[in-house]
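Subject: Structure handover

Hello,

Here is the structure we talked about, handed over for your own work. My notes on it follow below.

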Amino acid sequence: MALLALASAVPSALLALAVFRVPAWACLLCFTTYSERLRICQMFVGMRSPKLEECEEAFTAAFQGLSDTEINYDERSHLHDTFTQMTHALQELAAAQGSFEVAFPDAAEKMKKVITQLKEAQACIPPCGLQEFARRFLCSGCYSRVCDLPLDCPVKDVTVTRGDQAMFSCIVNFQLPEEEITYSWKFAGGGLRTQDLSYFRDMPRAEGYLARIRPAQLTHRGTFSCVIKQDQRPLARLYYFLNVTGPPPRAETELQASFREVLRWGPRDAELIEPWRPSLGELLARPEALTPSNLFLLAALGALASASATVLAWMFFRWYCSGN
């Protein structure tokens with residue numbers, strides 16, 4: 001039974017090769033089936049006409065100029081619909097007793113005009129990245145192709161002075177999809193300049209397309225990597241080699257020295273520190289002390305003190321006079 005099935009399959013394959021003796025697959029063969037093309041020729045010349053093979057060869061030859069056509073990948077459904085409309089139009093011509101010798105070249109010319117009006121595929125932008133918007137469909141093999149570029153972008157050098165801010169932007173020069181885009185950051189320390197992923201470790205706190213290190217220290221010298229993904233599929237890997245040079249700023253050096261002195265305080269030293277108890281004169285000497293409310297309070301306290309002193313003096317005077 002297997003031999004019989006194989007024997008029945010071989011003639012149909014040979015028939016297809018004999019009918020379509022073209023050097024490459026054309027758009028006609030990508031967007032129409034063999035049964036559709038055979039049906040059109042049968043309608044033009046008859047089911048068992050001796051001109052059936054001639055009709056099929058003329059059909060293929062008319063569209064041979066589209067064998068090397070490349071279109072924008074997103075336009076393939078539009079082109080498929082156009083070929084479907086073309087087959088219907090050819091069937092109507094065949095039913096109206098038209099000539100395939102005139103119908104096929106005319107249909108091919110109309111299809112060429114349609115292809116020239118399709119949106120062109122975007123050009124590949126070097127040097128790296130999986131650029132989906134530049135994907136194109138090739139009629140020469142009925143398949144799609146993207147740019148032949150690596151995922152890894154060249155390493156960019158970033159130099160900052162110790163204590164300053166280092167910033168990296170994970171931006172590519174080609175268009176990214178609008179949905180499900182994520183960014184992840186990695187770091188290879190020790191001053192290593194590399195693109196070998198085995199040296200990198202994840203930086204879970206870094207999110208988004210911007211990463212910042214503040215202040216940059218000598219321990220940050222190394223390679224930072226940003227991976228752009230769409231639905232867990234890598235689109236590009238960017239690399240930045242950070243070189244930290246020079247001493248920190250003077251103000252920061254003094255601040256760090258003071259901070260180290262604070263860190264050296266022991267528990268006993270902390271117990272010896274007395275709280276600050278300023279005198280009235282010290283409080284009044286502060287610029288923020290002489291506010292209107294504070295002045296009013298001081299005047300009220302002065303008046304109260306004066307009244308209290310007067311009452312005490314009067315009471316003492318009466319006591320002294322009553323004793324005499």
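To begin with a single contact: the side chain of T69 reaches the backbone oxygen of L66 at a distance of 3.1 Å. Please keep in mind that this is a predicted model. T69 lies in the loop between α4 (52–62) and β1. Is T69 buried or exposed? With a relative accessible area of 12%, T69 is buried, because the cut-off for that class is under 20%.

Sheet

The loop that holds T69 runs to β1, and β1 belongs to an open sheet of three strands. The strand order is β1-β2-β3, with antiparallel pairing. Which strands stand at the edges? They are β1 (70–72) and β3 (143–145); each has a single partner strand, so one side of each is left without a neighbour in the sheet. From one strand to the next, the twist averages 35°.

Between β2 (residues 136–138) and β3 the antiparallel pairing runs over three bridges. One residue pair to look up is F137 and S144: the bridge partner of F137 in β3 is S144. As general background, strands of a sheet pair through backbone hydrogen bonds, either parallel or antiparallel.

Salt bridges

How many salt bridges does a search of the whole structure find? It finds nine. Among the residues involved, E70, R136 and R145 are linked in a network of salt bridges.

A further salt bridge joins the side chains of R233 and E132, at 3.2 Å from N to O. This pair links distant parts of the chain, with the two positions 101 residues apart: R233 is in strand β10 (residues 233–245), and E132 is in the loop between α6 (100–116) and β2. R233 has a relative accessible area of 34% and is therefore partly exposed. E132 also counts as partly exposed, at 23% relative accessibility.

R193 and D157 form another salt bridge, in which the closest N and O atoms are 2.4 Å apart. Here too the pair links distant parts of the chain: R193 sits in the loop between β6 (181–188) and β7 (201–202), D157 sits in strand β4 (residues 152–161), and they are 36 residues apart. R193 counts as partly exposed at 43% relative accessibility, whereas D157 is exposed, with a relative accessible area of 52%. The two fall into separate classes because exposed means over 50%.

The side chains of D202 and K186 meet in a salt bridge as well, at 2.3 Å from N to O. D202 is in strand β7 and K186 in strand β6, 16 residues apart, and this pair is again one that links distant parts of the chain. K186 is partly exposed, with a relative accessible area of 23%.

Surface patch

Which residues form a nonpolar patch on the surface? They are M167, I171, Y209 and L210, and together they have about 380 Å² of accessible area. Of these, M167 belongs to strand β5 (residues 166–169). At 42% relative accessibility M167 counts as partly exposed, and it can therefore be part of such a patch, for which residues need over 30% relative accessible area and no salt bridge.

Regards

Notes: Residues are numbered from 1 along each chain as its sequence is written. This is a predicted model: local features need pLDDT of at least 70, side-chain atom pairs count only at pLDDT 80 or more; totals for chains, interfaces and linings use all residues. Side-chain values use heavy atoms; hydrogens and water are left out. Two strands pair if DSSP finds at least two bridges between them. Helices (H or I, at least four residues) and strands (E, at least two) are DSSP runs, numbered from the N terminus. Axes are lines fitted to C-alpha atoms, for helices over the stretch in contact, and angles run from 0 to 180 degrees between N-to-C directions. Patches are made of residues with over 30% relative accessible area and no salt bridge: like charges are joined within 9 Å, nonpolar side chains (Val, Leu, Ile, Met, Phe, Trp, Tyr) within 5 Å. Accessible areas come from the Shrake-Rupley method with a 1.4 Å probe; for residues, only the protein chains shown count as cover. A salt bridge is a side-chain nitrogen of Lys or Arg within 4 Å of a carboxyl oxygen of Asp or Glu. Buried means under 20% relative accessible area, exposed over 50%, partly exposed in between (1.4 Å probe, protein chains only). A polar contact is a pair of N or O atoms within 3.5 Å; within protein, one must be able to donate a hydrogen and the other to accept it, and residues adjacent in sequence count only if both atoms are side-chain atoms.
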